[in-house]
Amino acid sequence: MDPTFDNRYLRALPGAESPGPGSQQLQGVAWARVAPTPVAAPRLLAFSPEVADQLGLTVAEITSAPWIEALAGNRLLPGMEPWADGYGGHQFGHWAGQLGDGRALSLGQLQTPGGGLLQLQLKGAGPTPYSRRADGRAVLRSSIREFLCSEAMHHLGIPTTRALSLVATGDLVLRDMFYDGHAAYEPGAIVCRVAPSFLRFGTFELPASRGEDGLLAQLLDYLISEHFPEIARLPTPNERRIAWFVEICERTARLVAHWMRVGFVHGVMNTDNLSALGLTIDYGPYGWLDHFDPDFTPNTTDAERRRYRFRAQPDVALWNLGCLGGAVSRLLPDAAPLREALDRYTEVFAREHSEHTASKLGLDPSSFQGEPEEIAVELFTLMRRAELDFTLTFRALMALDPRAPDPSIFDVCAYDPNTLRAEQPALVRWLARYAGRARREDPEARLARMRAANPKYILRNYLVQQVIDRAEAGDPSGIEDLLDLARRPYDDQPEREHLAARRPEWARHAPGCSMLSCSS
Ligand code: AMP
Ligand code: MG
């Protein structure tokens, strides 16, 4: 059966119906029509059955030639009306002007069996009017990373854009992976991303920067009426816009608190990479903490200043919300309610982070007041000094018998026996204190909290890199294996114990495992 698309976005907002050739500044429009550029030899490398199911697509459909061609940009199915979105953004703290979908294009808004609309978007399907000087393509390595991490995030219970498919294009793409003058050809690929909307903070910043208040209002009112039905019921536009800003502040706070819970580092938290729905969006040089280093960033472009390091993420999100609030304030007589919403971000983040931290330790979250208590702060300090693995430390604490605390539980978490030894006395003291606290908890409740807050399996950078190496050598089967692993991140998967282990030493400084660039 043909899918049914209802591209309401195109009808609701002004767009460039026939932009000229090449990259250009597009004023006064939200989007521009664009045709995907066909690729040489599409091959479906992986797909997410869960996302297909949500879209009402059977496995037979998604693996059929017409769909594979559509997911490669080689054919349009009935109802698809491809377009690229305009947006701007603050990149690394500086206003960058018009950016836009330079290598992404949306195919349409698909009507789902659940009754909603989900937008399909190809990443890497060729140049658009927003491509600037770049080629509109994506390489296999970054596409595997986006495909897998989108799905892993979802299974971790963290809001995210999803990934339907990963298609190899059969074309080569030229990339200078570390911007060091060593450009090389790499296999190209296209991910089909899926979300209710891909609008970003930067969507609103661009018209605001140009004084296009009419367009700004249209975009914001569309977003609210389509995606925030509760807020859309409020009587006046001002009430709706303020309520939406409060809501996005709260959603972003919850999102970042989740990232901090699982040790995720987004890597490029520019305002064009933060979602107006509060989703994790734009998987580029992201990474996961292995040993606990709050200053870790996987992004080589940011290695010097570390603006987007792990521990900076809550503050950066607030800074980005400030940019968004600045744009939205143009539509309001008084910015005071927006400033209050930013305070709300701080409150909600503090509460969520504290609750997650308590849960990670198996303690009753109501026993933590606002700031994570000293016992948690002390553990983080010890983890950093002893170079303990973030994920494994909390899983190790799950195995602790509070009546007989045994410091050897930390052995499997340590990256360096010497630093572990140096911190051993402090760890023993901390463990005794923690055990005393844990003894006051109901053992079942304690374990249940910890199991829900502490994933056992994360897509460690080196695991994904191994799968990428194999796929580049012609064997993509590892992608499905990792996708399957990521489906049950909190469960013990006895046959996959080795995939929970700490990062091997060879991966500490290996490209792709500890450092990544934006150039993907
Ligand atoms: P990102 O760092 O992936 O968030 O991208 C920042 C901006 O650069 C966005 O406007 C992208 O669409 C654009 N961009 C990144 N890579 C490419 C590419 N290969 N071709 C065209 N535009 C790109
Ligand atoms: Mg981006």
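At 18% relative accessibility, Phe92 falls under the 20% cut-off, so this residue counts as buried. Keep in mind that we're looking at a predicted model. Phe92 makes a handy way in, since this residue sits in the loop between β5 and β6 and takes a positive phi near 50 degrees without being a glycine. From there, the tour goes through the strands around β10 and β11, the aromatic pairs, one helix packing and a couple of single residues.

**The β5-β6 hairpin**

- Strand β5 covers residues 88-91 and strand β6 covers residues 94-98; the two run antiparallel and are joined by three bridges.
- Gln91 has His94 in β6 as its bridge partner.
- The hairpin leaves two residues between its strands, and Phe92, with its phi near 50 degrees, belongs to this hairpin.

**Strands β10 and β11, and what pairs with them**

- What does β10 look like in terms of burial? This strand, residues 162-175, is mostly covered, with ten of its 14 residues buried.
- β11 tells a similar story in its own numbers: nine of its twelve residues are buried, so the strand is largely enclosed by the rest of the structure.
- β10 pairs with β11 (residues 184-195) in the antiparallel sense, and ten bridges hold that pairing.
- Two spots let you check the register by eye: Ser165 stands opposite Cys192 in β11, and Leu172 stands opposite Pro187 in β11.
- β10 also pairs with strand β3 (residues 43-47), again in the antiparallel sense, over four bridges. To find that pairing, look for Arg43, whose bridge partner in β10 is Ala168.
- β11 has further antiparallel company in strand β8 (residues 117-123), joined to β11 by five bridges. Here Gln119 has Ala195 in β11 as its bridge partner.
- Strand β9 (residues 138-139) runs antiparallel to β11 too, with two bridges between them. Val139 is bridged to Gly188 in β11.
- As a bit of background while you look at these strands, side chains in a regular strand alternate between the two faces of the sheet.

**Aromatic pairs and the cluster around Phe264**

- How many aromatic pairs turn up in a search of the whole structure? The search finds 20.
- One of them is Phe264 with Tyr283: the ring centres are 6.2 Å apart and the planes sit at 65 degrees, so the pair is edge-to-face.
- Phe264 lies in strand β12 (residues 264-265) while Tyr283 lies in the loop between β12 and β13 (287-288), so this contact ties together parts 19 residues apart in sequence.
- Buried or exposed, where do these two end up? Phe264 is buried, and Tyr283 is buried as well.
- Phe264 also pairs with Trp288: their centres are 5.2 Å apart with planes at 65 degrees, so this pair is edge-to-face.
- With Phe264 in strand β12 and Trp288 in strand β13, the pair ties together parts 24 residues apart in sequence. Trp288, like Phe264, is buried.
- Zooming out a little, ring pairs link Trp259, Phe264, Tyr283, Tyr286 and Trp288 into a cluster.

**Arginines over rings**

- Arg145 has its charged end over the ring of Tyr286, 4.0 Å from the ring centre, and Tyr286 is one of the residues in the cluster just described.
- Over at Trp319, Arg307 lies over the face of the ring, at 4.7 Å from the ring centre.

**Helix packing: α7 on α9**

- Helix α7 (residues 213-227) packs with helix α9 (residues 237-262) at an angle of about 70 degrees, and the axes are 10 Å apart.
- That angle makes α7 roughly perpendicular to α9.
- The α7 side of the contact is made of Ala217, Leu220, Asp221, Leu223 and Ile224, and these meet Arg240, Arg241 and Trp244 in α9.

**Single residues worth a click**

- Arg306 has a positive phi near 55 degrees, and this residue is not a glycine. Arg306 lies in the loop between β13 and α10 (313-328), and at 28% relative accessibility it counts as partly exposed.
- Asn418 is in helix α14 (residues 417-439) and, at 49% relative accessibility, counts as partly exposed.
- How far is Asn418 from Asp135? The two are 283 residues apart in sequence and 48 Å apart in space, C-alpha to C-alpha.

Terms used:
Residues numbered from 1 in each chain as written. Chains lettered and ligands numbered in written order. Predicted model: local features only at pLDDT ≥ 70, side-chain atom pairs only at ≥ 80, totals over all residues. Heavy atoms only, no water. Pairing = 2+ DSSP bridges. Phe/Tyr/Trp six-rings, centres within 6.5 Å; stacked < 30°, edge-to-face > 60°. Buried < 20%, exposed > 50% of the residue type's maximum accessible area, 1.4 Å probe, protein only. Lys NZ or Arg CZ within 6 Å of the ring centre and 35° of its normal. Axes fitted to C-alpha atoms, helices over the stretch in contact; angles between N-to-C directions. Parallel < 35°, antiparallel > 145°, perpendicular 65-115°, else oblique. Contact = heavy atoms within 4.5 Å.
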